Amino acid sequence: MQTHELYLPMLIPLWLIFIGIALVVIGFVDKKAFITISGWGVLIVSGLVSLYYNLYQISPTHFPDGSELAETARILISAGWLNVAGAVLALAALLFFYFKKRRYMILAVLTILFFAIQFFQFYGLIQKPK
């Protein structure tokens with residue numbers, strides 16, 4: 001287990017993405033609109049958490065140049081910005097779901113795939129040795 005200060009910025013979005021994807025899929029399968037809306041909301045919160053960490057917490061300059069932690073911080077910042085972009089996609093999917101647009105299913109599948117890729121990117125960052 002890693003104990004450096006980048007652990008929480010990796011772990012929190014990872015679990016939020018997992019919970020959000022699970023809620024969206026369960027809500028779709030059970031045809032429960034509240035669970036689906038909750039899932040999209042969790043994915044949006046995941047993007048907001050990443051935005052907070054990118055703007056106020058993570059800085060590669062806190063680590064010595066050329067260290068692995070500085071490189072991990074740079075990768076984490078880019079993953080965080082991708083997670084913010086995913087939150088915008090999740091917001092669009094939530095609006096499409098709420099207003100019952102015809103192309104909701106296509107957007108939902110693409111957004112879930114995007115977040116699945118993000119999940120494995122954060123998971124890979126956690127597994128990376130320090």
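Select Tyr56. At 61% relative accessibility, Tyr56 counts as exposed, because the cut-off for exposed is over 50%. This is a predicted model, so read each stop on the tour as a computed value.

Keep Tyr56 on screen and add Tyr52. Tyr52 has 40% relative accessibility and counts as partly exposed. Both tyrosines sit in helix α2, which covers residues 33-57. They are 4 residues apart, about one turn of the helix. Now draw the two ring planes. What is the angle between the planes of Tyr52 and Tyr56? It is 45°, with the ring centres 5.6 Å apart. The pair is therefore tilted, because planes under 30 degrees apart would count as stacked and over 60 as edge-to-face.

**Next stop: helix α1**

Select Trp15 and Phe18. Helix α1 spans residues 7-30, and these two lie 3 residues apart in it. That spacing separates them by about one helical turn. Measure between the ring centres in your viewer: the model gives 5.6 Å. The planes stand at 85° to each other. This aromatic pair is edge-to-face.

Colour by accessibility. Are Trp15 and Phe18 buried, partly exposed or exposed? Trp15 is partly exposed, at 49% relative accessible area. Phe18 is also partly exposed, at 44%.

**Widen the selection**

Add Phe119 and Phe120. Ring pairs link these two with Trp15 and Phe18 into a cluster. Show the four side chains together. For the wider count, the structure holds 8 aromatic pairs.

**Move to the loops**

Select Lys31. Where is Lys31 placed? It lies in the loop between α1 and α2. Check the backbone: phi is positive, about 55°, although Lys31 is not a glycine. Most residues other than glycine have a negative phi. Turn on the surface. Lys31 is exposed, with a relative accessible area of 71%.

Now jump to Lys100. This lysine is in the loop between α3 and α4. Helix α3 covers 68-98, and helix α4 covers 104-127. Which sign does phi take at Lys100? It is positive, at about 55°, and Lys100 is not a glycine. Lys100 counts as exposed, at 71% relative accessibility.

**Last view**

Show both lysines with the aromatic side chains. Lys31 marks the loop between α1 and α2, and Lys100 marks the loop between α3 and α4. Tyr52 and Tyr56 mark helix α2. Trp15 and Phe18 mark helix α1, and ring pairs link them with Phe119 and Phe120.

Methods: Residues numbered from 1 in each chain as written. Predicted model: local features only at pLDDT ≥ 70, side-chain atom pairs only at ≥ 80, totals over all residues. Heavy atoms only, no water. Phe/Tyr/Trp six-rings, centres within 6.5 Å; stacked < 30°, edge-to-face > 60°. Buried < 20%, exposed > 50% of the residue type's maximum accessible area, 1.4 Å probe, protein only.
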